[in-house]
Amino acid sequence: MALRSKTGLAGRAMACLLLASSPMIGTARADNPSATKSDPRSRAKEIITRLVDDKTDFRDRRQRFEEAMRATPEPTRVQIRQVDADGVEGELIWPARLHHPLGKRAILFLHGGGFYGGSMRSHRNIAASFAKASSADVLLIEYRLLPQYRFPSQVEDAVTAFRWLLESGYEAANIVVIGDSVGGTLALQMSLRQIAKNGEKPAAVIAISPVADFEGAAVPAHGEDEVSVGREWLQQVGKEYAGKGSPSLQTVSPINSDYSGFPPILLQIGDKEALRGDVQRLFEKLKAANVDARLDVLPGLFHEASLFPFWLDQARRSNQHAAEFAMAHFADKPPQ
């Protein structure tokens, strides 16, 4: 059910009451990296390679990725409830702590997956890791996917989810938007649209390995990172996302947007990622627009490695750093 209230503390109280009566998803077996049959890093790279393989159609890539992610651990030490965010399906995830004040701080998490893959199941663990690390409630949504739905359907769903958080009693100054890969792209696009249409801006934005330019101006033709994210893949996804009526991939590339008045932003990128050059260009554009922007170049991380904090120490540390950035920008900071 949708939780609708515009009355601050009363809205949060109503949200808590309604959530208490909604069905709970069972949480988790213990995270057990030793249960993997191969090296965790190699297994994580193989899973992401299924997603970016450009030799099969979008539906096949989506299915192969989801099957692989179903074998990964479910999150632990969190509570999860299904919600209807004004027509957008989602899960609200929060730390399983008795003192946790449900409804004070929120993260809107936008999953990656090339706009054709990714789901609440595939990204539940990373979303839960942010809930625990930042003492916040995380809204993880299922936005519409390619090839059935193109731009701006995904942006509209994300804006709707942000508005739902506001109507449920969270304040804009206590909402951080986070996305990985094209979810980071979407975090940029939805924040720009939310500000332009409705005025309220998020407290901060965190974009983990976002696609900044679907033309891949600074990306090697065939990709040189560990999972072969290259210019051909970017352009294929960008053309499908933009739709046949779009004259240029630049219309859906965040590198071309005006970021005047944008909220504080953290960009994270692996040091060997093919997307690093374009993310650097985006960072320079943000700084030129006087945005409070930070760029973290992370050693040893491949594209979408952040999905595997249960296997990779580097991913766990980078997600913790991102959570610290979120906490620093909440108006109501969590207790130390």
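What covers the buried residues of helix α8 in this predicted model includes α6, residues 182–198, together with the strands β7, residues 265–270, and β8, residues 293–298. The residues of α8 that are buried are Asp278, Val279, Leu282, Phe283 and Leu286. Seen down the axis of α8, these buried residues fall within an arc of 145 degrees, so they line one face of the helix. That is a pattern one can relate to helix geometry in general: an α-helix has 3.6 residues a turn, so residues three or four places apart point the same way.

Let me stay with α8 for its length. The helix runs over residues 276–288, and because each of its 13 residues is taken at 1.5 Å, the expected span is 18 Å, which agrees with the 18 Å that separates its end C-alpha atoms. After α8 comes Asn290, whose phi is positive, near 65 degrees.

Now I turn to the pockets. The largest pocket holds about 250 Å³ of space, and among the 12 residues that line the pocket, the closest to its centre are Arg77, Ser129, Lys132, Pro309 and Arg316. Which elements give two or more residues to this lining? They are α4, residues 120–134, and α9, residues 313–329, and of the elements it is α4 that gives the most, with 4 residues. As for the chemical character of the lining of the largest pocket, its residues divide into 3 nonpolar, 5 polar and 4 charged.

Key:
Residues are numbered from 1 along each chain as its sequence is written. This is a predicted model: local features need pLDDT of at least 70, side-chain atom pairs count only at pLDDT 80 or more; totals for chains, interfaces and linings use all residues. Side-chain values use heavy atoms; hydrogens and water are left out. On a 1 Å grid over the protein atoms alone, a cavity is a set of points where a 1.4 Å probe fits but cannot get out, and a pocket is an open set with protein on both sides within 12 Å along at least five of seven lines; lining residues have an atom within 4 Å of a point. Grid points are joined across faces, edges and corners, and a volume is the space filled by probe spheres set on the points. Ala, Val, Leu, Ile, Met, Phe, Trp, Tyr, Cys and Pro count as nonpolar, Asp, Glu, Lys and Arg as charged, and the others, Gly among them, as polar. The expected span of a helix is 1.5 Å times one less than its number of residues. Buried means under 20% relative accessible area, exposed over 50%, partly exposed in between (1.4 Å probe, protein chains only). The arc is that of the directions from the helix axis to the C-beta atoms. Contact means heavy atoms within 4.5 Å.
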